[in-house]
Amino acid sequence: MTIAIGFEGSANKIGIGIIEDGNVLSNVRHTYITPPGKGFLPRDTAKHHQEHILDILQKALEDANIKPEQIDCVCFTKGPGMGAPLVSTAVVARTVAQLWDKPLVGVNHCVGHIEMGRLVTGAQNPVVLYVSGGNTQVIAYSQQKYRIFGETIDIAIGNCLDRFARVLKLSNDPSPGYNIEQMAKKGKKYIELPYTVKGMDISFSGILSFIEAAADKMMKRGECTAEDLCFSLQETLFAMLIEITERAMAHCGSNEVLIVGGVGCNKRLQEMMGKMAEERNGKLFATDERFCIDNGVMIAQAGWEMFRSGHVTPMDDTWCTQRYRTDEVDVLWRD
């Protein structure tokens, strides 16, 4: 039996989770929510994490009903993410590892999402669509690496949705993307937006600029509603994602697709992807908000895999980085 504890704090969520050989023992999380129309700044986000992390750690241990001496390794998000929140979380992980005399494992945030998705859904060797506030990638495993087949060339899809939510002054509770999704369900009119697929890569910044201008002009003239714009934005962005995911599935000969990351909670995205997979005689794998949204147990799961394959991060290598690509990680635990 191997027990791993994971610390995640790369963006506006601070989470700690504990896993034992694939069984989730605890998964505690707290979200930093800003006023409508406002994003979250690194300094303020780090302060939020510092204020809540010790309470979350205590609750994670209580929920798991284990003591520190039972833990085999302490895992933390090494990157990618926002610098100040990453460092604030890593400092606590380093501290408890030294207090408990446990080895440290630095985890790639994106790999954490993938490994948690594989564990929860049972997907064997899927093409992965990773969609979140800071990342948009189409990924497949090959020869002990997660290979990136396509990605955004500017902003991530979650960032695009969040910034449009700010334009509309939507609430950030529970998340701007969730509130865009609810607005989109009421949209009746499709507004044509730029469709920017460049080979296997995609671009969102031009679409965002276009719809921001449309929101200012068309809504004032009564040509569309905010709900129509949310509907149009979702349909366009998701169609782009499904196009490049399907192309990756064809290239890999895969009949499995796994959606991970915070935007992966979106039911419309899951519906569209599910239809595409069904037409290819394939299958969609997706999770709910417990594991899609950033959480500590996904870092514990990836760290558990790394630790069991012989990887431990030396103390002088436990620095954090805002840029840590998915395809830089040696995936030694897979055949």
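**Exercise 1.** Decide whether Asp-294 is buried or exposed, and find where it sits.

*Solution.* Start with accessibility: Asp-294 has 12% relative accessibility, so it counts as buried (buried means under 20% relative accessible area, exposed over 50%, partly exposed in between, with a 1.4 Å probe and protein chains only). Next, place it: Asp-294 is in the loop between helix 9 (289-292) and helix 10 (296-308). Helices here are DSSP runs of H or I with at least four residues, strands are runs of E with at least two, and both are numbered from the N terminus.

Before going on, note that this is a predicted model, where local features need pLDDT of at least 70, side-chain atom pairs count only at pLDDT 80 or more, and totals for chains, interfaces and linings use all residues. Residues are numbered from 1 along each chain as its sequence is written, and side-chain values use heavy atoms, leaving out hydrogens and water.

**Exercise 2.** Which residues share a UniProt "binding site" feature with Asp-294, and why do they gather at one spot?

*Solution.* The unreviewed UniProt entry lists His-109, His-113, Tyr-130 and Asp-294; such annotations may be inferred rather than shown by experiment, feature names are shortened, and positions follow the numbering used here. These residues span 186 residues in sequence, but no two of their C-alpha atoms are more than 12.1 Å apart, so they gather at one spot.

**Exercise 3.** Describe the surroundings of Tyr-130.

*Solution.* First, Tyr-130 lies in strand 6 (residues 127-131). Then check burial: its relative accessible area is 0%, so Tyr-130 is buried. Finally, beyond neighbours within four places in sequence, its contacts (heavy atoms within 4.5 Å) include His-109, His-113 and Asn-135.
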